Amino acid sequence: ELGLQNNLQSGNIYTIGYSERRGQGRLTILGLQPTPELIRLVLQRNGTRLPSRSCTEAISTALFKRGSEYYLIAVNNSQENKAAEVELNLDSKGKEDWIALDLVSGKKWPLHLDTLSSIMISTPRKDGTIVRISKGG
């Protein structure tokens, strides 16, 4: 493999992977390890934004929308309590004030998504939380 890499000419474009039709869509096989960074880059290249992404290891997130409110679900898969920063891509960012309400703890705090596109949450070990994000007054 190293011999093949050393013989590659610089300045050329090399193809990796292949695409095949599946039903009404296409499946692209890259032949690379599906790391979070690679998946993020592929989605970004195709113009798809992740609705939510934890910047903290072992925290999984999902973002749902109902009407004008968003619900962030965060799960801590580790053996320790964690505070996590979660990046958000909400449809309606802007000068509006937002309110975050942790539906498990009852904690409420303001969000300023015009200057910051992330939220800090706390989750106990092997547990999770749900945060409602709505437009404030």
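Arg 22 sits out in the open, counting as exposed because its relative accessibility is 51%. Its salt-bridge partner is Glu 20, with the closest N and O atoms 2.7 Å apart. Keep in mind that this is a predicted model. Besides the salt bridges, there's a buried asparagine and a nonpolar surface patch to look at.

**Salt bridges**

- The count comes to 4 salt bridges, and the Glu 20–Arg 22 pair is one of them.
- Glu 20 is partly exposed, because its relative accessibility comes out at 27%, whereas Arg 22, at 51%, counts as exposed.
- Arg 53 and Glu 87 also pair up through their side chains, at 3.3 Å from N to O.
- That pair ties together parts that are 34 residues apart in sequence, because Arg 53 belongs to strand E3 (residues 52-54) and Glu 87 to strand E6 (residues 82-88).
- Both ends of this bridge are partly exposed: Arg 53 has a relative accessible area of 22%, and Glu 87 has 34%.
- Glu 80 and Lys 82 make another salt bridge, and here the closest N and O atoms are 3.9 Å apart.
- Glu 80 is partly exposed at 49% relative accessibility, but Lys 82 counts as buried at 17%, since the cut-off for buried is under 20%.

**Asn 76, a buried polar residue**

- Asn 76 is part of strand E5, which covers residues 69-76.
- With just 1% relative accessibility, Asn 76 counts as buried.
- So what does the side chain of Asn 76 make a polar contact with? One partner is the side chain of Ser 78, at 2.8 Å.
- A polar atom of the Asn 76 side chain also lies 3.1 Å from the backbone oxygen of Pro 124.
- Leaving out residues up to four places away in sequence, Asn 76 touches a run of residues that includes Thr 123, Pro 124, Arg 125, Lys 126, Asp 127 and Gly 128.
- Ala 58, Ile 59 and Asn 81 are among the other residues Asn 76 touches, and so is Lys 82, the residue that bridges to Glu 80.

**A nonpolar patch on the surface**

- Phe 64, Ile 73, Val 75, Leu 103 and Ile 130 form a nonpolar patch on the surface.
- Together these residues have about 380 Å² of accessible area.
- Phe 64 comes from strand E4 (residues 59-66), and at 46% relative accessibility Phe 64 counts as partly exposed.

Conventions
Residues are numbered from 1 along each chain as its sequence is written. This is a predicted model: local features need pLDDT of at least 70, side-chain atom pairs count only at pLDDT 80 or more; totals for chains, interfaces and linings use all residues. Side-chain values use heavy atoms; hydrogens and water are left out. Patches are made of residues with over 30% relative accessible area and no salt bridge: like charges are joined within 9 Å, nonpolar side chains (Val, Leu, Ile, Met, Phe, Trp, Tyr) within 5 Å. Accessible areas come from the Shrake-Rupley method with a 1.4 Å probe; for residues, only the protein chains shown count as cover. Helices (H or I, at least four residues) and strands (E, at least two) are DSSP runs, numbered from the N terminus. Buried means under 20% relative accessible area, exposed over 50%, partly exposed in between (1.4 Å probe, protein chains only). A polar contact is a pair of N or O atoms within 3.5 Å; within protein, one must be able to donate a hydrogen and the other to accept it, and residues adjacent in sequence count only if both atoms are side-chain atoms. Contact means heavy atoms within 4.5 Å.
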